[in-house]
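Colleague: I have just opened this structure and would like to learn how to read it. Could you walk me through it, one feature at a time?

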Amino acid sequence: MTSKPAKAVQPKSFAFTAENLARAQKIIARYPQGRQASAVLPLLDLAQRQAGGWLPLAAMDHVAGILDMASIRVYEVATFYSMFNLDPVGRYLVQVCTTTPCWLCGSEAVAKACEDTLGIRFGETTPDGVFTLKEVECLGACVNAPMVQINDDYYEDLDADRARAVLQALKAGTKPKPGSQTGRQTSAPAGARTTLTAAKGAGGS
Amino acid sequence: MPKLVVDGREIEVPAGVTVLQACEAAGVEVPRFCYHERLSIAGNCRMCLVEMEKSPKPIASCAMPAADGMVIRTDSPMAKKARKGVMEFLLINHPLDCPICDQGGECDLQDQAMAYGFDRSRYIENKRAVEDKEFGPLVKTSMTRCIHCTRCIRFATEVAGVEDLGATGRGEHMEVGTYVEKALASEMSGNIIDLCPVGALTSKPYAFTARPWELRKTESVDVMDAVGSNIRIDARGNEVMRVLPRLNEDINEEWISDKTRFACDGLKRQRLDRPYVRRGGKLVEATWPEAFGAIAEAMKGKSGESIAAIVGDQCDAESMVALKDLVAQLDSPNIDCRQDRAKLDASCRAGYVFNTTIAGIEAADVALLIGTDPRREAAIVNTRLRKRHRMGGFAVGVIGPHIDLTYKYDYLGGGGQTLVELANGRHAFAERLKAAKRPMLILGQGALARPDGAAVLGVARKLAESFGMVRGADHAAGAWNGFNVLHTAAARVGGLDLGLVPGPKGRDVAGILDGAEAGDIKVVFLLAADEINTKRLGEAFVIYQGHHGDSGAQRADVILPGAAYTEKNGTYVNTEGRVQHGYAAISPPGDAREDWKILRALSERLGFKPAYNSLKQVRARLIEISPTFGRPDAIVPSAWGQFGQAQSPVQPQPFLSPVVNFYMTDPIGRASVTMAKCTQAFVLKPAGKTGTDG
């Protein structure tokens, strides 16, 4: 629901920490005088990070106050972008891409693996509040499909087992290396080169 | 001046207009939903698509500036197909519930679907459903019908100045609302009902009561405040169903305040529909001859000095002149139309009207508000001030209540001290006024209705003169009169024009009440006067003529049932001094009669025969007293003169606005259920946030 605030417990107040306030002022200073409303997106992001991954009403009102905007104008922005979470989320927000390229490469199995490993369905949070699982549209990493985004990191080239392994590692308290889980370098060809094979460095690696 | 061709017709339009406006100038209708002349351009409904030569796609005419050499076609196959497609898209998610929709019969979508749409639907999937929003006691929502034109959002943001509405979510999940639940805390909120092109926002009090084709429409004038907003009264049978605004660029543009629009249900309650006479301490029903007989009995042998009359805030000029003539015949100098005891001077017209005019506000560059809360005293004037503020280069200074006026202003101080300092040039804002090309001041009744009111008036006159607010003779080019009195009562300027003020040695309202309490005043005639302390009428014989059983009627010894503004042909003079005619939409209830006719009949019973027998003759009498009555709807510039007392001192107490509760300032509002609900929702609930703490 984006037409009204989350029913979840809304904190009564929110204020930037001194450190974040300084950062906010720096961001606002990037824009011309009187155009401070342009800083609404970075400031909401800052607020979301401070508030633990989601945007309570109080945080949006606080940003509106800093930028001298009407609160509704901030609500409009926050509800427009899916990157802003208006409900509380777990420590790890697992966003599984199921758009066509990922789906063609097996995102259904990845999604099922995530659900089974965490014991929750899309849109739910584990009872211990560590994981939240979400289904999202294309995150722009189709070359390395299928993929999931966990907080700020992309985990790519997944299948059911690799997805499970990533989540198990997070459960165990370690942070798996982001990026391709098959060991390929960023978005370089997955196997050996198929063209320009005579060129220098041909033959993979 | 770009020249363009619209549907084969060449037309020249002013620079800066849009293609849509150019089409209208050429007499071609272009369908639209989101575009509105008085709001910013959104360009999101796409209904106004037209074909432009050399453009591969149809263009949204509302958002395209007209340029030289354009060739526009609104009736080409491409334009027609584009409109048909847009209409089909709009109807995908719009419910086909016209039979149970209050907008039916006056719905832009309905009309345009008839004119430009497909004759059947190809859509078989489920329609979108949207939860209704709670906008308070005035606006009913049915958000599934919303087509996202955003007119209401733009109105709230731009015109009303209450930035509460927005569109949250996106794509199919976009919804118009306030996000956090809150009623629309604006005294102009009812206008979004008129703006909504579909049935998403409708009137809550009017819900399911009538269809537009059943209503008899009467064009009239509002009396709920002194603005004189032009209204249309919609009646069915002998019942006023609703009040809508009527276009008048000089006064209310096309807006009206919520009180004007929604107080009309008070016309059906607490009405005086037959004469009453007090017998043995109780009011009992009587006939007209009995009531007149009781008055004649009470008047017998009373000297003129012991008779007094007080005129109410919503009286028409016809009844006021009839009363004035009656009181004069009775040899009484005691008559007053200033119930609130404002120390206005009836001798100089420029000293009690809004000389700049409401539309003239747009030409001013600095405004000084003295003892007024225009947002609640005259919401339309405040809207115009906000419009001027949004045009830029406009400074507003406020002496008086420190409240949210929906625009930024410099708060100078609360009371007389600041005013005197400013008049003497010892205040920082004086520099602003000096530098201004067209400065204006607005003097509210809160500054005048106090013991030192005459002194305040005098200081304000001095201030206006010393800062160049009054220059040039009337009608002269470059003439400017920035001295304005903002009234709260629809009858006040008319009363002052007719000279309804105490004659030589006469008593004003305070004097009449003192006299009645002391027993010197034996008979008091209240012409719909309810805003006085009736407990102070002592032992006096009180005649109340009016339409509502309010405080005046409760104290009365004889009640003469009159007509409300919707039930009589009356003349009203608004705060600008503009004479306007209101027309009867329905007839008065029961035995009630038009007020001037009652007074004429009473005069005859008391032995004086007025020289008028018809409305035409009464109006001739009005013109005889004040020639301005002969020029309805026009502004007659008033000559500057001497008024107020510049000598006596101004007290330092803060100026308070007379309007504490915007929704209940008169007998009609106090009898209205809708206004009671608004009072509950907006005045009582957020204690300390509205005019109550002004």
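Colleague: How many residue pairs are in polar contact between chain B and chain A?

Modeller: Seven residue pairs are in polar contact between chain B and chain A, each pair with both residues at pLDDT 80 or more. That cut-off is there because this is a predicted model, and side-chain atom pairs count only at pLDDT 80 or more.

Colleague: Which elements of chain B give two or more residues to the side that touches chain A?

Modeller: They are α4 (151-160), β7 (166-168) and β8 (175-177) of chain B. The largest share comes from β7(B), with three residues. By kind, the residues on this side of chain B divide into five nonpolar, seven polar and seven charged.

Colleague: And how many salt bridges does the rule find across the interface?

Modeller: The rule finds two salt bridges across the interface of chain B and chain A. If you would like one to look at, find K4(A) and E131(B): their side chains meet in a salt bridge at 2.7 Å, N to O.

Colleague: How should I think about the size of an interface?

Modeller: The size is often given as the accessible area lost when the parts come together. In this model, chain B and chain A bury about 1,500 Å² between them, and 52% of that is on carbon and sulfur atoms. Three residues, E163(B), R170(B) and Y179(B), supply 47% of the area that chain B buries against chain A, more than any other three residues. Counted by contact, 19 residues of chain B meet 17 residues of chain A.

Colleague: Let's turn to a sheet. In what order do the five strands of the open sheet in chain B run?

Modeller: Follow the order β19-β18-β17-β20-β23 in chain B, where the pairing is parallel. At the edges stand β19 (410-413) and β23 (483-486) of chain B; each has a single partner strand, so one side of each is left without a neighbour in the sheet. From one strand to the next, the twist averages 20°.

Colleague: Is there one pair of strands I could trace by eye?

Modeller: Try β17 (residues 366-370) and β18 (residues 395-399) of chain B, which pair in the parallel sense over five bridges. Within that pair, I370(B) stands opposite I399(B) in β18(B). You can then find helix α14 (residues 453-466) of chain B, which packs on the sheet and touches β17, β20 (439-444) and β23 of chain B. The direction of α14(B) makes about 175° with that of β20(B).

Colleague: What does chain A hold in the way of helices and strands?

Modeller: Chain A has seven helices and five strands. Read from the N terminus, its elements run α-α-α-α-β-α-α-β-β-β-α-β. The C-alpha trace of chain A spans about 60 × 45 × 30 Å along its principal axes.

Colleague: Which peptide bond in chain A is cis?

Modeller: Look at the bond from A145(A) to P146(A), where omega is near -10°. P146(A) is found in the loop between β2 (131-136) and β3 (148-150) of chain A. For a backbone angle in chain B, see K54(B): its phi is near 75°, a positive value in a residue other than glycine. K54(B) is in the loop between β3 (49-52) and β4 (59-60) of chain B.

Colleague: Finally, how many salt bridges does a search of the whole structure find?

Modeller: It finds 64 over all chains. One of the pairs is R242(B) and E106(B), whose side chains meet at 3.0 Å, N to O. This pair links distant parts of the chain, 136 residues apart: R242(B) is in strand β12 (residues 239-245), and E106(B) is in the loop between α2 (77-92) and α3 (108-116) of chain B.

Conventions
Residues numbered from 1 in each chain as written. Chains lettered and ligands numbered in written order. Predicted model: local features only at pLDDT ≥ 70, side-chain atom pairs only at ≥ 80, totals over all residues. Heavy atoms only, no water. Contact = heavy atoms within 4.5 Å. Buried area = accessible area lost by both parts, 1.4 Å probe. Salt bridge = Lys/Arg side-chain N within 4 Å of Asp/Glu carboxyl O. Polar contact = N/O pair within 3.5 Å; in protein donor to acceptor, adjacent residues only side chain to side chain. Helix = DSSP H or I, 4+ residues; strand = E, 2+ residues; numbered from the N terminus. Nonpolar A, V, L, I, M, F, W, Y, C, P; charged D, E, K, R; others polar. Pairing = 2+ DSSP bridges. Axes fitted to C-alpha atoms, helices over the stretch in contact; angles between N-to-C directions.
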